[in-house]
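Me: Please take a close look at the aromatic pairs in this model and at the nonpolar packing. I would like one connected account, with the cut-offs given along the way.

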Amino acid sequence: APPPKPAAAAPLPEPATAWRIQSEWIVGSNAGGSPENDSWVSNDQFQLHPAADGGETDFKIVLRQELPAGVTPESTPPLCFFVVDATDERRKRRVIDPKKGDPFHLIKVSGTRTRVELKARLSLPRAQLPYLLVPCTTQPDVGARYTLEVTSDRPFVLAGPLPLKLGDAGLARPFTPVPPLPRSSAGALAAARRDAEDESGDGEPVVRAPARGKGGNARGGDAAAAP
């Protein structure tokens, strides 16, 4: 008998300028930690499609976690997220196991100092294959609810978590950001300084995607993934 055909993928939603995801890291399921941990591939993975009209799309990414009752920010691992650059058709699905030759290129985009709300900016060019956006904590097996918000001044698509099957709407929903309240010049200057510190992450407020490579390891190197 012929092998069964793979399930049809869900069609992409209409582009929007702001997307929100509300989900949860569950211990033993999708709380895989950062790429420093072998379990990182178990994290939720979301397709990120930059604007279709050419050029780079500038994104602002905000990741927040809801701390469980009795848990203080000082006692929980910091937040982080990363973007996987597709290198073959399988990236339309998700990273499965880089140690078995599943090719990918890791783009590090966030710092690891913030424990409750992490902000960063990222510019990505349009590509034939989507990027994967992966929110996580720095350590594995840390359970918490989280909210991921991605905005841009150009329409784009965020979908997932993968794999998305036909009829599965996923968790990404368009939303309307609330404009900030007017502030005095002194207050606005102080807020701008705080935002710059928040968005600096690992010292680079805006991260440009590197040229596409043939593959990478879990720390973003250019070597092929270990077999």
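Reply: What follows treats the aromatic pairs, then the cores, and then one residue of a loop. This is a predicted model, in which local features need pLDDT of at least 70 and side-chain atom pairs count only at pLDDT 80 or more, while totals for chains, interfaces and linings use all residues. Residues are numbered from 1 along each chain as its sequence is written, and side-chain values use heavy atoms, with hydrogens and water left out.

The structure holds three aromatic pairs, where rings of Phe, Tyr and Trp (its six-membered ring) pair if their centres lie within 6.5 Å, and planes under 30 degrees apart count as stacked, over 60 as edge-to-face and the rest as tilted. One of them is stacked, because the rings of Trp25 and Tyr146 have centres 4.3 Å apart and planes at 25°. Trp25 belongs to strand β1 (residues 16–25) and Tyr146 to strand β8 (residues 144–159), so this pair ties together parts that are 121 residues apart in sequence; strands here are DSSP runs of E, at least two residues long, numbered from the N terminus. Trp25 counts as buried at 1% relative accessibility, and Tyr146 is buried with a relative accessible area of 2%, buried meaning under 20% relative accessible area (1.4 Å probe, protein chains only).

The rings of Trp40 and Phe82 have their centres 5.3 Å apart and their planes at 75°, so that pair is edge-to-face. Trp40 sits in the loop between β1 and β2 (46–49) and Phe82 in strand β4 (residues 79–85), 42 residues apart, and both residues are buried.

A nonpolar core is a set of buried Ala, Val, Leu, Ile, Met, Phe, Trp, Tyr and Cys residues joined through side-chain atoms within 4.5 Å. The largest has 28 residues, of which Ile61, Leu63, Leu124, Leu133, Leu148, Val150 and Leu158 touch the most other members. Its largest share, six residues, comes from β8. Apart from this core lies another, of 14 residues, among them Trp40, Val157, Ala159 and Leu164.

Ser34 is likewise placed in the loop between β1 and β2, and at 8% relative accessibility Ser34 counts as buried. Leaving aside neighbours within four places in sequence, Ser34 is in contact (heavy atoms within 4.5 Å) with Trp40, Cys80, Cys136, Thr137 and Thr138. Ser34 and Gln139 are 105 residues apart in sequence, yet 6.3 Å apart in space, C-alpha to C-alpha.

Technical notes. Helix = DSSP H or I, 4+ residues; strand = E, 2+ residues; numbered from the N terminus. Buried < 20%, exposed > 50% of the residue type's maximum accessible area, 1.4 Å probe, protein only.
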